[in-house]
Amino acid sequence: MKSSVFLEFASGFVLRQKSKHLNTMVISIVLIFILSSVMFVSSSIKHTINSSLNNQPDFVITPVQDGINQTLDIDMVEQISSIRGVVRVNARVYGRYYFRIKGKSFLIVGVDFFDEQNSKLLQKLIGDNSLDEFFKQDNMIVSSEVAKFLKQHFFDNSYTFKLPDGKFKSVHIYKTIPHNTNLIANDMIVMPIELAQKILGLGEDEVTQISFDVPNDAEWQNIENKLYLKFYNINVTNKKEIKSYYDDMFNYKGGLFMVLYLVSIVTFMMILYQRYSSINTNDSKDIGILRAIGWSIKDVLKLKFFESFWVVMSSFIIGVVAAYVYVFMFDAPLLIDIFIGMDNLPLDIELTPYIDMGMLVSLWLLFVVPYISATIIPSWKIATTSATEAMK
Amino acid sequence: MIQLESVYKTYWQNKDEEFDALSDINLTIDEGIVVLKGISGSGKSTLLSLIAGFDKPTSGKVIVDGMPISKLPDLHLSAYRANKIGFVFQHFNLIESLSVEENILAPLANQDIEISQAKTKVQKVMQEVGISHKAKQNIKNLSGGEKQRCAIARALVGEPSVILCDEPTANLDRENSLKFIEILKTLNSSNRTIIIATHDPIFDDMRLEYQTIHIHSGKIGS
Amino acid sequence: MDKILLNSEVIIYLLSKSLMMLLLFVAFLYSVVILKDWDFNQFTPKQFALENRSYLVSVIIVFALILKSFLILYFVHTIDALSEFVPGAMCAAGVIKANIYGNYLLVLSLASIFLSFVWMSINAMDIKSLDYPYMRLKTIFFMILFVLLVVEYGLDWLYFTHIDTQKAVSCCSVIYGKVGGGIPFGLDSVKLLVLFYLLFVLIVLSVWMRYVYISAISTLMFLVVGYYSVVYFFGTYIYELPTHKCPFCMLQHYYHYVGYLVWGLLFGGVFLLLDSLIMQIFFKEKSIHLTKVATVMLLLFVALCSGYVMVYYIKNGVFL
């Protein structure tokens, strides 16, 4: 191929002058590393939250936290079901059970497994075994972390809960589920709703949360209004609000980082411009020599572009790969604290690798465009220096 | 054939101070070896620059093989330099960070040829000047004589019809200067013009057929 | 508005555009000087400096063109991403219609890319000749192009600062469905398809036989017909849904981003072909290579679209 003579020469030219570009590359790699890491962490968390949100019901009703009403009446379930457009109404009980006062606690989730949706969930949790087995005695499903903790305290197959009224209740561990399957959280115990009510000291008709779905988007506002008219002491949150809240938060944090980045890239551009401009005598001389032996301005510009491209691509690839390793293999120590220092985020969120093409393209544009922009004029200046001037 | 018609080259030191490097040069140079003799600062290098197309004359015409080169736009002028001219510089002007082979390849990088052809040409000229054994060596590690040979090879690789040498023996010892003249003899042919700008008396002693042009203070003649 | 402006893709897009405009402004300033003082017959250092400067202008324009071609795809990707924030929008179609500037911006972007291609062709011709015969022409052309680019840049900002995240927009089924749009000139799908393939054959033949005027007209017509064919016919095979008519949804990952290829090949092929035809008509420049590339692109475009229909038929035994 005809252009391969150029490539052969250009590769040799660029590769032998690695040290010339070392400074630039180091700064580039650091910038890209930071930028990519931020983007990876942000989008990974966003993706995880979005995915888990997708599995959540559209609406969740909780009691207003006024110190008096901490529970909802189970009768509400029927009333809510009667509203047109509402489906899959589900009552749950949530509560913290403290293993030791002010010490380790577990999140107890009481689910009504006789509900159709929930029995499907139960099947999912216990795998192939039949549901009858599960209901034969007081059984619970725990996360692997909980199981480990209990075992450390000599509770191998079951645990004896201390009830609020002073009595004890022994519950058998039916199955242990590792928490990274997205089915169960780190410190969660899932059990039938009646059992949970007993352990948490709630009455048979008390629940902590009622959730439901509304398939028709357009009806959401309407239904929310109806609910507030019907009941006084409730808080209604819908999925879109939560999503919007997180989106805003990420956008805001993302925006902040962007501004920081913009400041650093402008500085970087100035450094680049300076660096490329300062008549590096060796570089200028070499270009003068090339011009003298028959290279046109166009040819020199091609060479300069090749040089920049090589620096840019190497820095980009190294920076992105390093960021990937840092974020997804080492869980981004230090950086994740900045993100996690936010409300409402699960404290032990695991960063699952999630990158899409759009993100990589954005990263690439964000770095390459300023770089090339800063080096166009200096490259041209060098390409047009008179051969004789340069060789003196 | 090289023709210069009423060529002037003026440099401006400051706004008002003019300096005439060349005044009213009228010259016709045919094929063969031409030695341009003159002391330092007489305008030899300037004359060579104009013929090579590094610089443009302030006025007048430079015509090479029927083509006026003074007004050529950059793309054409560079092509002219690449195809027609082979220049051997006084200080060699090799790219220090590259190897011998890479330096010699440089003039061919933008030509319309295949890479295998290019490499063959490089091998050929390296053999002609006797530097094949140093092909992969970095320029920094070569002696003065070897650098010279590399510079000559680079000048020859494009098969130019005009070879220009600016004080080629100034940085060489006697032994290498003699070697250079030997190479010169092999290069002398009927369709090639070789112009050597020098004030080295070694050229007087050698049995070399050449034309002499004297230049003094930017003018032709003694 | 904040939600939009703080969105990272929007920031990246506007940043890239701003840097590009800054460089183009430098090129513009130099062009003014070139226009004023260019005289090829002068031997002064000033004239030589102008020749060097003209190289800077062309390098900047090449950079701008490559970047713009990239950015228009990125723009579409960005507004697609924004559809999350604009109520009612399922894809870029809704977001583009969020205010009056969107459509003008898109059309102007495409037009300026085309004009940049033409500029580059003229420039390539100019530097190859012995005395820069088109220096003045291409400089004036660039200055006009620059004005257009400034307008486009203004539209960029107007567009992104006027997207109301509280106001609902229509989604593509309304915009392109029976209610909103429809194939113009009273054509139906069959007639449109016939026109589509006929025009393509006409282009290939007229290019091969060097009938430049016929090529030019048929290419222009093909652009329009091609657009409608993709939206109202071929698109439905990409979505595998006869009622889904939208030029933007096919850019999403559900459809493997094939939209970029479809539109890239159509617009790229048409622009390059028109460019080479302009060279032939006005500058008597053969542009064989350019013509070949453009024709291949259009061929790939037709093959891609037809391919989707074929594959659907083979898989399902019927057409939609």
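Domain bounds are taken from an automatic or database domain assignment.

The model shown is predicted: local features need pLDDT of at least 70, side-chain atom pairs count only at pLDDT 80 or more, and totals for chains, interfaces and linings use all residues. Residues are numbered from 1 along each chain as its sequence is written, while chains are lettered from A and ligands numbered from 1 in the order in which they are written.

**View 1. The two domains of chain C and the contact between them.** Chain C comprises domain 1 (2-161) and domain 2 (177-316), and the C-alpha centres of these two domains of chain C are 25 Å apart. Contact here requires that the C-beta atoms of two residues, placed from the backbone, lie within 7 Å. On this criterion, 14 residues of domain 1 of chain C meet 15 residues of domain 2 of chain C. At least two residues of the domain 1 side are supplied by each of helices H3 (45-82), H4 (92-96) and H5 (101-128) of chain C; helices are DSSP runs of H or I with at least four residues, strands are runs of E with at least two, and both are numbered from the N terminus. H5(C) gives the most to this side, with seven residues. By class, the domain 1 side has eleven nonpolar, two polar and one charged residues, where Ala, Val, Leu, Ile, Met, Phe, Trp, Tyr, Cys and Pro count as nonpolar, Asp, Glu, Lys and Arg as charged, and the others, Gly among them, as polar.

**View 2. The contact of chain A with chain C.** This contact draws 20 residues from chain A and 21 residues from chain C. On the chain A side, helices H9 (239-277), H11 (297-329) and H13 (357-383) of chain A give two or more residues each, and the largest share, eleven residues, belongs to H13(A). The chain A side contains 13 nonpolar, seven polar and no charged residues.

**View 3. The contact of chain A with chain B.** Here 24 residues of chain A touch 26 residues of chain B. The largest share of the chain A side, seven residues, is from H1(A). By class, this side of chain A has twelve nonpolar, six polar and six charged residues.

**View 4. Strand S1 (residues 59-63) of chain A and the strands paired with it.** Strands pair if DSSP finds at least two bridges between them. S1(A) runs antiparallel to strand S11 (residues 234-238) of chain A, joined by five bridges, and A:Val60 has A:Thr237 as its bridge partner in S11(A). With strand S10 (residues 209-213) of chain A, S1(A) pairs in the antiparallel sense over three bridges; A:Phe59 is opposite A:Phe212 in S10(A).
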